[in-house]
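Please read the following account with the sequence and the 3D view side by side, moving from one site to the next as each is named.

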Amino acid sequence: MEDVYVVGGCSSLSNFGRLDRSSFKTHKGVFAFSPLTKSWRKMPSMKYARSVAILGACEVGPGSMLGGQGHQTRQDRRAPRTRLGGVSDVYEDPHRLSLRRQNRNTLDENELSSLSRKPNKFVRQKNEQSCLRGGFRRFVLIAVGGLGSWDEPLDSGEIYDSASNKWIEITQLPLDFGIACSGAVCNGIFYVYSENDRLAGYDIERGYWIQIQIGPFPPRVHEYYPKVVSCNRQLFMLSVSWCEGDGQIGRRNKAVRKLWELDLMYLKWKEVSVHPDAPMDWNASFVGDRNMIFGVEMFKIFGQLLDFITVWDASAAGPSWRHVSMNRMAQEVDASSCVTKTLVAVYL
(Lines give C-alpha, C1' and ligand atoms only; values in the text may rest on other atoms or scores of the structure.)
Protein backbone atom coordinates (compact mmCIF):
# COMPACT_ATOMS: atom_id res chain seq x y z
CA MET A 1 0.00 0.00 0.00
CA GLU A 2 1.36 3.37 -1.02
CA ASP A 3 -1.75 5.52 -0.60
CA VAL A 4 -3.61 7.08 2.31
CA TYR A 5 -7.26 5.97 2.72
CA VAL A 6 -10.10 7.87 4.35
CA VAL A 7 -12.78 5.39 5.43
CA GLY A 8 -16.24 6.58 6.44
CA GLY A 9 -16.44 9.22 9.15
CA CYS A 10 -18.90 11.99 9.95
CA SER A 11 -19.25 15.61 8.94
CA SER A 12 -21.05 18.64 10.30
CA LEU A 13 -21.47 22.29 9.61
CA SER A 14 -19.38 24.25 12.08
CA ASN A 15 -20.41 27.39 13.92
CA PHE A 16 -17.33 29.42 14.84
CA GLY A 17 -15.32 26.28 15.66
CA ARG A 18 -18.22 24.52 17.42
CA LEU A 19 -19.75 21.41 15.90
CA ASP A 20 -23.42 21.57 15.01
CA ARG A 21 -25.00 18.31 16.15
CA SER A 22 -28.16 18.97 14.12
CA SER A 23 -26.21 18.76 10.85
CA PHE A 24 -24.28 15.57 11.63
CA LYS A 25 -24.05 13.06 8.81
CA THR A 26 -22.33 9.68 8.95
CA HIS A 27 -20.67 8.50 5.74
CA LYS A 28 -19.89 5.16 4.14
CA GLY A 29 -17.73 6.57 1.36
CA VAL A 30 -14.03 5.74 0.97
CA PHE A 31 -11.38 7.93 -0.67
CA ALA A 32 -7.71 7.34 -1.45
CA PHE A 33 -4.96 9.97 -1.60
CA SER A 34 -1.71 9.43 -3.49
CA PRO A 35 1.23 11.29 -1.90
CA LEU A 36 3.20 10.93 -5.14
CA THR A 37 0.62 12.49 -7.46
CA LYS A 38 -1.07 14.59 -4.75
CA SER A 39 -4.47 13.57 -6.03
CA TRP A 40 -7.64 12.01 -4.59
CA ARG A 41 -9.75 9.24 -6.06
CA LYS A 42 -13.03 7.70 -5.00
CA MET A 43 -13.06 4.06 -3.88
CA PRO A 44 -15.98 1.62 -3.51
CA SER A 45 -18.13 2.56 -0.53
CA MET A 46 -18.68 0.40 2.52
CA LYS A 47 -22.02 -1.34 2.89
CA TYR A 48 -22.94 0.69 5.98
CA ALA A 49 -22.13 4.17 7.19
CA ARG A 50 -19.82 4.26 10.20
CA SER A 51 -17.61 6.82 11.91
CA VAL A 52 -14.61 6.42 14.25
CA ALA A 53 -14.34 2.81 13.14
CA ILE A 54 -11.36 0.69 14.14
CA LEU A 55 -9.31 0.39 10.96
CA GLY A 56 -6.60 -1.98 9.81
CA ALA A 57 -4.66 -2.66 6.62
CA CYS A 58 -2.66 -5.67 5.53
CA GLU A 59 -0.99 -6.99 2.39
CA VAL A 60 -2.06 -10.54 1.49
CA GLY A 61 -0.93 -13.20 -0.93
CA PRO A 62 -2.32 -13.21 -4.50
CA GLY A 63 -4.06 -16.57 -4.01
CA SER A 64 -5.53 -15.91 -0.58
CA MET A 65 -9.21 -16.80 -0.16
CA LEU A 66 -9.54 -14.39 2.80
CA GLY A 67 -11.39 -16.96 4.87
CA GLY A 68 -14.51 -17.01 2.73
CA GLN A 69 -16.07 -19.55 5.09
CA GLY A 70 -16.29 -16.95 7.84
CA HIS A 71 -18.08 -14.18 5.96
CA GLN A 72 -21.74 -13.63 6.64
CA THR A 73 -24.38 -13.84 3.95
CA ARG A 74 -27.64 -11.88 3.93
CA GLN A 75 -29.53 -15.04 4.82
CA ASP A 76 -27.36 -15.47 7.92
CA ARG A 77 -28.20 -11.96 9.05
CA ARG A 78 -31.94 -12.40 8.58
CA ALA A 79 -32.18 -15.61 10.57
CA PRO A 80 -29.49 -15.67 13.26
CA ARG A 81 -29.63 -18.66 15.56
CA THR A 82 -29.72 -18.26 19.31
CA ARG A 83 -27.76 -20.32 21.82
CA LEU A 84 -30.74 -22.64 22.18
CA GLY A 85 -30.84 -23.28 18.46
CA GLY A 86 -33.99 -21.29 17.74
CA VAL A 87 -34.41 -18.59 15.13
CA SER A 88 -34.98 -14.97 16.11
CA ASP A 89 -38.07 -13.18 14.82
CA VAL A 90 -36.47 -9.75 15.08
CA TYR A 91 -36.84 -7.56 11.99
CA GLU A 92 -33.82 -7.31 9.72
CA ASP A 93 -31.18 -5.07 11.29
CA PRO A 94 -28.00 -4.30 9.27
CA HIS A 95 -25.82 -4.22 12.38
CA ARG A 96 -27.91 -6.67 14.46
CA LEU A 97 -28.02 -4.21 17.33
CA SER A 98 -30.98 -6.04 18.84
CA LEU A 99 -29.13 -9.35 18.62
CA ARG A 100 -25.86 -8.49 20.36
CA ARG A 101 -26.21 -11.38 22.79
CA GLN A 102 -26.89 -13.96 20.12
CA ASN A 103 -24.42 -16.72 19.39
CA ARG A 104 -21.59 -15.79 17.04
CA ASN A 105 -19.60 -18.05 14.74
CA THR A 106 -16.79 -18.62 17.25
CA LEU A 107 -14.61 -21.60 18.02
CA ASP A 108 -14.60 -23.72 21.17
CA GLU A 109 -12.29 -22.73 24.03
CA ASN A 110 -9.66 -25.41 23.38
CA GLU A 111 -9.23 -24.46 19.73
CA LEU A 112 -9.15 -20.76 20.58
CA SER A 113 -6.45 -21.35 23.17
CA SER A 114 -4.25 -23.33 20.83
CA LEU A 115 -4.57 -20.73 18.08
CA SER A 116 -3.86 -17.79 20.37
CA ARG A 117 -0.67 -19.43 21.68
CA LYS A 118 0.61 -20.08 18.17
CA PRO A 119 0.78 -16.65 16.56
CA ASN A 120 -0.14 -17.74 13.04
CA LYS A 121 3.20 -18.74 11.56
CA PHE A 122 1.35 -19.95 8.46
CA VAL A 123 -0.20 -16.54 7.85
CA ARG A 124 3.10 -14.80 8.57
CA GLN A 125 4.98 -16.97 6.07
CA LYS A 126 2.38 -16.40 3.38
CA ASN A 127 2.52 -12.66 3.91
CA GLU A 128 6.31 -12.67 3.81
CA GLN A 129 6.32 -14.67 0.60
CA SER A 130 3.69 -12.50 -1.08
CA CYS A 131 5.44 -10.70 -3.89
CA LEU A 132 4.70 -8.60 -6.91
CA ARG A 133 3.02 -10.55 -9.70
CA GLY A 134 2.63 -8.46 -12.76
CA GLY A 135 3.08 -5.34 -10.65
CA PHE A 136 -0.04 -6.07 -8.57
CA ARG A 137 0.14 -5.88 -4.79
CA ARG A 138 -2.99 -7.24 -3.15
CA PHE A 139 -4.11 -5.73 0.13
CA VAL A 140 -7.15 -5.53 2.38
CA LEU A 141 -8.72 -2.79 4.48
CA ILE A 142 -10.72 -3.70 7.58
CA ALA A 143 -13.31 -1.53 9.33
CA VAL A 144 -14.77 -2.81 12.61
CA GLY A 145 -17.13 -1.20 15.11
CA GLY A 146 -17.48 2.55 15.32
CA LEU A 147 -20.71 4.55 15.40
CA GLY A 148 -23.64 4.20 13.02
CA SER A 149 -25.93 6.80 11.49
CA TRP A 150 -27.68 7.41 14.82
CA ASP A 151 -24.50 7.40 16.92
CA GLU A 152 -25.25 3.82 17.95
CA PRO A 153 -22.19 1.64 18.76
CA LEU A 154 -21.62 -1.08 16.16
CA ASP A 155 -20.19 -4.56 16.59
CA SER A 156 -20.21 -5.38 12.87
CA GLY A 157 -17.29 -5.27 10.46
CA GLU A 158 -16.40 -5.13 6.77
CA ILE A 159 -13.32 -5.93 4.73
CA TYR A 160 -12.20 -4.47 1.41
CA ASP A 161 -10.28 -6.68 -1.01
CA SER A 162 -8.22 -4.84 -3.62
CA ALA A 163 -8.43 -7.89 -5.90
CA SER A 164 -12.23 -7.79 -6.14
CA ASN A 165 -12.43 -4.02 -5.51
CA LYS A 166 -15.40 -4.33 -3.16
CA TRP A 167 -16.36 -4.54 0.52
CA ILE A 168 -17.83 -7.66 2.11
CA GLU A 169 -19.14 -8.20 5.62
CA ILE A 170 -17.24 -10.28 8.14
CA THR A 171 -18.44 -12.08 11.25
CA GLN A 172 -19.25 -9.80 14.15
CA LEU A 173 -17.11 -9.25 17.19
CA PRO A 174 -17.21 -12.07 19.77
CA LEU A 175 -20.07 -12.33 22.24
CA ASP A 176 -19.97 -9.79 25.10
CA PHE A 177 -16.78 -8.27 23.72
CA GLY A 178 -17.89 -4.71 24.39
CA ILE A 179 -17.32 -1.55 22.38
CA ALA A 180 -14.13 -1.65 20.29
CA CYS A 181 -11.80 1.25 21.06
CA SER A 182 -8.51 0.42 19.32
CA GLY A 183 -6.93 -2.05 16.92
CA ALA A 184 -3.90 -2.94 14.80
CA VAL A 185 -2.78 -5.61 12.33
CA CYS A 186 0.13 -7.78 13.49
CA ASN A 187 1.38 -10.90 11.68
CA GLY A 188 -1.80 -11.36 9.69
CA ILE A 189 -4.12 -10.92 12.69
CA PHE A 190 -6.28 -7.84 13.23
CA TYR A 191 -6.17 -7.32 17.00
CA VAL A 192 -9.01 -5.28 18.52
CA TYR A 193 -9.16 -4.00 22.11
CA SER A 194 -12.45 -3.15 23.84
CA GLU A 195 -13.49 -0.69 26.51
CA ASN A 196 -14.11 -3.75 28.70
CA ASP A 197 -10.38 -4.61 28.60
CA ARG A 198 -10.85 -7.58 26.30
CA LEU A 199 -8.72 -8.54 23.33
CA ALA A 200 -9.81 -10.37 20.18
CA GLY A 201 -8.04 -11.12 16.94
CA TYR A 202 -9.50 -11.52 13.46
CA ASP A 203 -7.60 -14.01 11.31
CA ILE A 204 -7.56 -12.24 7.97
CA GLU A 205 -6.73 -15.29 5.85
CA ARG A 206 -9.11 -17.72 7.58
CA GLY A 207 -11.94 -15.29 8.31
CA TYR A 208 -12.87 -15.80 11.96
CA TRP A 209 -12.40 -14.15 15.35
CA ILE A 210 -10.11 -15.48 18.07
CA GLN A 211 -11.05 -14.66 21.65
CA ILE A 212 -7.73 -14.12 23.40
CA GLN A 213 -7.61 -14.82 27.12
CA ILE A 214 -5.02 -12.55 28.71
CA GLY A 215 -4.58 -11.62 32.32
CA PRO A 216 -4.08 -9.53 34.15
CA PHE A 217 -4.44 -6.47 31.97
CA PRO A 218 -2.23 -3.46 32.75
CA PRO A 219 -3.88 -1.04 35.19
CA ARG A 220 -5.28 2.07 33.58
CA VAL A 221 -7.28 5.24 34.13
CA HIS A 222 -10.63 4.39 32.59
CA GLU A 223 -11.18 7.84 31.09
CA TYR A 224 -8.23 7.09 28.78
CA TYR A 225 -8.87 4.22 26.36
CA PRO A 226 -5.81 2.07 25.51
CA LYS A 227 -4.21 2.44 22.09
CA VAL A 228 -3.10 -0.78 20.37
CA VAL A 229 -0.31 -0.49 17.78
CA SER A 230 1.83 -2.94 15.81
CA CYS A 231 5.56 -2.37 15.50
CA ASN A 232 8.49 -4.61 14.57
CA ARG A 233 6.16 -7.65 14.29
CA GLN A 234 5.11 -7.18 17.91
CA LEU A 235 1.89 -5.94 19.46
CA PHE A 236 2.09 -2.95 21.81
CA MET A 237 -0.40 -0.98 23.84
CA LEU A 238 -0.25 2.51 25.30
CA SER A 239 -2.32 3.08 28.44
CA VAL A 240 -2.54 5.77 31.10
CA SER A 241 -2.19 4.77 34.75
CA TRP A 242 -1.56 6.40 38.11
CA CYS A 243 2.01 6.50 39.38
CA GLU A 244 2.97 7.25 42.98
CA GLY A 245 5.26 10.22 43.49
CA ASP A 246 8.57 8.38 43.91
CA GLY A 247 7.26 6.62 47.00
CA GLN A 248 7.46 9.78 49.14
CA ILE A 249 4.70 10.48 51.61
CA GLY A 250 2.75 13.64 50.93
CA ARG A 251 3.44 13.84 47.20
CA ARG A 252 0.43 13.66 44.95
CA ASN A 253 0.06 10.81 42.51
CA LYS A 254 0.48 11.64 38.84
CA ALA A 255 -0.81 10.06 35.66
CA VAL A 256 1.70 8.60 33.20
CA ARG A 257 1.36 6.97 29.80
CA LYS A 258 3.12 3.62 29.59
CA LEU A 259 4.06 1.43 26.64
CA TRP A 260 3.35 -2.29 27.07
CA GLU A 261 4.37 -5.22 24.85
CA LEU A 262 2.29 -8.38 24.49
CA ASP A 263 4.16 -11.68 24.61
CA LEU A 264 2.28 -13.55 21.87
CA MET A 265 3.55 -16.91 23.13
CA TYR A 266 2.63 -16.65 26.83
CA LEU A 267 -0.06 -13.97 26.38
CA LYS A 268 1.26 -11.63 29.05
CA TRP A 269 1.82 -7.87 28.98
CA LYS A 270 5.17 -6.45 30.03
CA GLU A 271 6.09 -2.81 30.55
CA VAL A 272 8.55 -1.44 27.99
CA SER A 273 8.84 2.30 28.59
CA VAL A 274 7.16 5.42 29.96
CA HIS A 275 6.11 8.24 27.64
CA PRO A 276 7.92 11.51 28.48
CA ASP A 277 4.86 13.78 28.28
CA ALA A 278 2.06 14.06 30.82
CA PRO A 279 -1.13 12.58 29.31
CA MET A 280 -2.94 15.88 28.80
CA ASP A 281 -4.58 14.60 25.60
CA TRP A 282 -7.15 11.91 26.34
CA ASN A 283 -7.54 11.25 22.59
CA ALA A 284 -3.86 11.02 21.65
CA SER A 285 -3.16 9.23 18.35
CA PHE A 286 -0.49 6.56 17.93
CA VAL A 287 0.51 4.51 14.89
CA GLY A 288 3.20 1.86 14.44
CA ASP A 289 5.16 1.33 11.25
CA ARG A 290 8.28 -0.75 10.66
CA ASN A 291 10.41 -0.32 13.79
CA MET A 292 8.85 2.88 15.07
CA ILE A 293 5.79 4.11 16.93
CA PHE A 294 4.68 7.68 16.22
CA GLY A 295 2.47 9.68 18.56
CA VAL A 296 0.56 12.94 18.22
CA GLU A 297 -0.88 14.73 21.24
CA MET A 298 -2.97 17.86 20.76
CA PHE A 299 -4.95 19.67 23.43
CA LYS A 300 -6.24 23.09 24.42
CA ILE A 301 -5.03 24.67 27.67
CA PHE A 302 -5.20 28.26 28.89
CA GLY A 303 -6.79 29.28 25.59
CA GLN A 304 -3.95 27.87 23.47
CA LEU A 305 -3.73 24.77 21.30
CA LEU A 306 -0.58 22.77 22.00
CA ASP A 307 0.76 19.77 20.11
CA PHE A 308 3.60 17.28 20.50
CA ILE A 309 4.95 14.70 18.06
CA THR A 310 7.00 11.90 19.57
CA VAL A 311 8.57 8.72 18.20
CA TRP A 312 9.73 5.47 19.80
CA ASP A 313 12.31 3.36 17.94
CA ALA A 314 12.26 -0.34 18.80
CA SER A 315 15.50 -1.04 16.95
CA ALA A 316 17.56 1.60 18.77
CA ALA A 317 19.87 0.62 21.62
CA GLY A 318 17.99 1.26 24.84
CA PRO A 319 14.73 2.24 23.11
CA SER A 320 13.19 5.45 24.41
CA TRP A 321 10.91 8.26 23.26
CA ARG A 322 12.16 11.40 21.57
CA HIS A 323 10.39 14.56 20.47
CA VAL A 324 10.18 15.22 16.74
CA SER A 325 8.41 18.57 16.95
CA MET A 326 6.51 20.67 19.47
CA ASN A 327 3.83 23.33 19.04
CA ARG A 328 4.09 23.64 15.26
CA MET A 329 0.86 22.19 13.89
CA ALA A 330 -1.84 23.62 16.15
CA GLN A 331 -1.44 27.17 14.85
CA GLU A 332 -3.42 26.30 11.71
CA VAL A 333 -6.20 24.14 13.22
CA ASP A 334 -9.27 24.73 15.36
CA ALA A 335 -10.26 23.27 18.70
CA SER A 336 -12.27 20.43 17.13
CA SER A 337 -9.07 19.02 15.62
CA CYS A 338 -8.02 17.88 19.09
CA VAL A 339 -10.81 15.30 18.99
CA THR A 340 -10.99 14.43 15.29
CA LYS A 341 -7.29 14.14 14.51
CA THR A 342 -5.77 10.95 13.15
CA LEU A 343 -2.28 9.83 12.17
CA VAL A 344 -0.66 7.85 9.37
CA ALA A 345 2.95 7.05 8.49
CA VAL A 346 3.94 7.47 4.85
CA TYR A 347 7.35 6.68 3.32
CA LEU A 348 8.17 8.24 -0.04
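Leaving aside neighbours within four places in sequence, Lys227 is in contact with Ser182, Phe236, Met237, Leu238, Asn283, Ala284 and Phe286. The model in which these contacts appear is a predicted one, and in it Lys227 lies in strand 14, which covers residues 227-231. Which side chain of opposite charge is nearest to this buried lysine? For Lys227 that side chain is Asp281, and it is 7.8 Å away. Because a salt bridge requires a side-chain nitrogen of Lys or Arg within 4 Å of a carboxyl oxygen of Asp or Glu, Lys227 is left without one although it is buried.

Following the chain onward from strand 14, one comes to the loop between that strand and strand 15 (234-243), and Arg233 lies in this loop. The phi angle of Arg233 is near 60°, a positive value in a residue other than glycine. Most residues other than glycine have a negative phi. Arg233 has a relative accessible area of 46% and is therefore classed as partly exposed. A positive phi, again near 60° and again in a residue other than glycine, is found at Asn165, which is placed in the loop between strand 8 (157-161) and strand 9 (166-170). Asn165 also counts as partly exposed, because its relative accessibility is 42%.

The surface offers another site to inspect, where Val6, Phe31 and Trp40 form a nonpolar patch with about 310 Å² of accessible area together. Of these residues, Phe31 has its place in strand 4, which spans residues 25-34. With a relative accessible area of 38%, Phe31 is partly exposed.

The cysteines can be considered next. How many disulfides does the structure hold? The number is zero. Two cysteines may be looked at individually: Cys10, at 40% relative accessibility, counts as partly exposed, whereas Cys181, at 15%, counts as buried, since the limit for that class is under 20%.

Stepping back to the chain as a whole, one finds four helices and 21 strands. Of its 348 residues, 47% count as buried, and the chain exposes about 19100 Å², of which carbon and sulfur atoms supply 51%. Among contacts between residues at least 6 apart in sequence, 54% join residues at least 24 apart.

Notes:
Residues numbered from 1 in each chain as written. Predicted model: local features only at pLDDT ≥ 70, side-chain atom pairs only at ≥ 80, totals over all residues. Heavy atoms only, no water. Patch = residues over 30% accessible without salt bridge, like charges linked within 9 Å, V, L, I, M, F, W, Y side chains within 5 Å. Areas by Shrake-Rupley, 256 points an atom, 1.4 Å probe, with all protein chains shown as cover. Helix = DSSP H or I, 4+ residues; strand = E, 2+ residues; numbered from the N terminus. Buried < 20%, exposed > 50% of the residue type's maximum accessible area, 1.4 Å probe, protein only. Lys, Arg positive; Asp, Glu negative; His and termini not counted. Contact = heavy atoms within 4.5 Å. Disulfide = S-S within 2.5 Å.
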